[in-house]
Amino acid sequence: MSTAQIPFLKGHGTENDFVIVPDPDNALDLPASVVARFCDRRAGIGGDGLLHVVRSAAHPDARGMAEEAEWFMDYRNADGSVAEMCGNGVRVFARYLQRAGFTAEGDLAVATRGGVKRVHIAKDGDITVSMGRAVLPAAGVTVTVDGRSWEARNVNMGNPHAVAFVDELDHAGDLLSVPPFSPRSVYPDGVNIEFVADRGPRHVAMRVHERGSGETRSCGTGACAVAVAAARRDGADPALTGTPATYTVDLPGGTLVITEHPDGGIDMTGPAVIVGEGVIDAAWVETVIG
């Protein structure tokens, strides 16, 4: 690293927490080992993932989106691996841009590896992200935990999800490791697995094992996948009914409201908070790399 100190912030969306590293010109080298150490809750700052804030024109993965979106969310999982999208991360990313003076209340676009996401920052503080459309591949999997098995719905929100409806959320086990699923060939690059229990009409609760991060307090794309799967299960597919389907999704870290529209577009609304900021000693980073 060429600088003596690297600025960072810490934020969360329904307690899905992130290390935020502003780097408009894409000048920082952030290998997986460094990202993993930043996200380490004992040896680093701690987070479910890292939001690398880069201007789209400065990053090879986003230059093609630069005309639509000035800013690119270069998202990394807690283990340092690259991910396509993170719904809670987009809201926190937008909150950072607002805090830094790069945007204000109203609409903006954010480039991600899952495409350009439209964001609205409301006066009441909540942030809505247009998450795009879900893809529902025909192939599903069977998830098994502690001798119980469930058929899981395959939902892709720019990243892969397997949604299993259970009687009780504790049936998911401790979620410290990836819940076993088969056939493995359905998700060759891994999968986010959601366990979902009903709480009332159009109201569910969920736990999730996120690919590369383990169990997290919240997962935005996961909440969208759950709402899509629930609507199909409940006979409320908006493409068939012609009316939007809105689900309240309770997560360990808070509540998100998900609306799927008849054209397939999905909106996710929830809070996003910046809790602090500081600097990372670049000399320490060098020891991680070394």
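**Close-up 1. Cysteine 219, a buried residue in this predicted model.** Start with cysteine 219: its relative accessible area is just 2%, so it counts as buried. Now look around for a sulfur partner. The nearest cysteine sulfur belongs to cysteine 86, and it sits 6.5 Å away, so there's no bond between the two. Cysteine 219 is in no disulfide.

**Close-up 2. Cysteine 86, seen from the other end of that gap.** Here's the other cysteine, with a relative accessibility of 4%, which makes cysteine 86 buried. Its closest cysteine sulfur is the one in cysteine 219, and 6.5 Å is too far for a bond; a disulfide would need the sulfur atoms within 2.5 Å. Zoom out to the whole structure and a search turns up 0 disulfides.

**Close-up 3. Aspartate 17 in strand 2.** On to a charged-sounding name in a strand: strand 2 covers residues 16–22, and aspartate 17 is part of it. With a relative accessible area of 10%, aspartate 17 is buried.

**Close-up 4. Polar contacts of the aspartate 17 side chain.** What does this side chain meet? One polar contact, of 2.8 Å, links aspartate 17 to the side chain of arginine 41. Another, of 3.3 Å, links the aspartate 17 side chain to that of lysine 10.

**Close-up 5. The wider surroundings of aspartate 17.** Set aside the neighbours within four places in sequence, and aspartate 17 still has company. Its contacts include Gly11 and His12, along with Gly46, Gly47, Asp48 and Gly49. Lys10 and Arg41 are also among them.

Technical notes:
Residues are numbered from 1 along each chain as its sequence is written. This is a predicted model: local features need pLDDT of at least 70, side-chain atom pairs count only at pLDDT 80 or more; totals for chains, interfaces and linings use all residues. Side-chain values use heavy atoms; hydrogens and water are left out. Helices (H or I, at least four residues) and strands (E, at least two) are DSSP runs, numbered from the N terminus. Buried means under 20% relative accessible area, exposed over 50%, partly exposed in between (1.4 Å probe, protein chains only). A polar contact is a pair of N or O atoms within 3.5 Å; within protein, one must be able to donate a hydrogen and the other to accept it, and residues adjacent in sequence count only if both atoms are side-chain atoms. Contact means heavy atoms within 4.5 Å.
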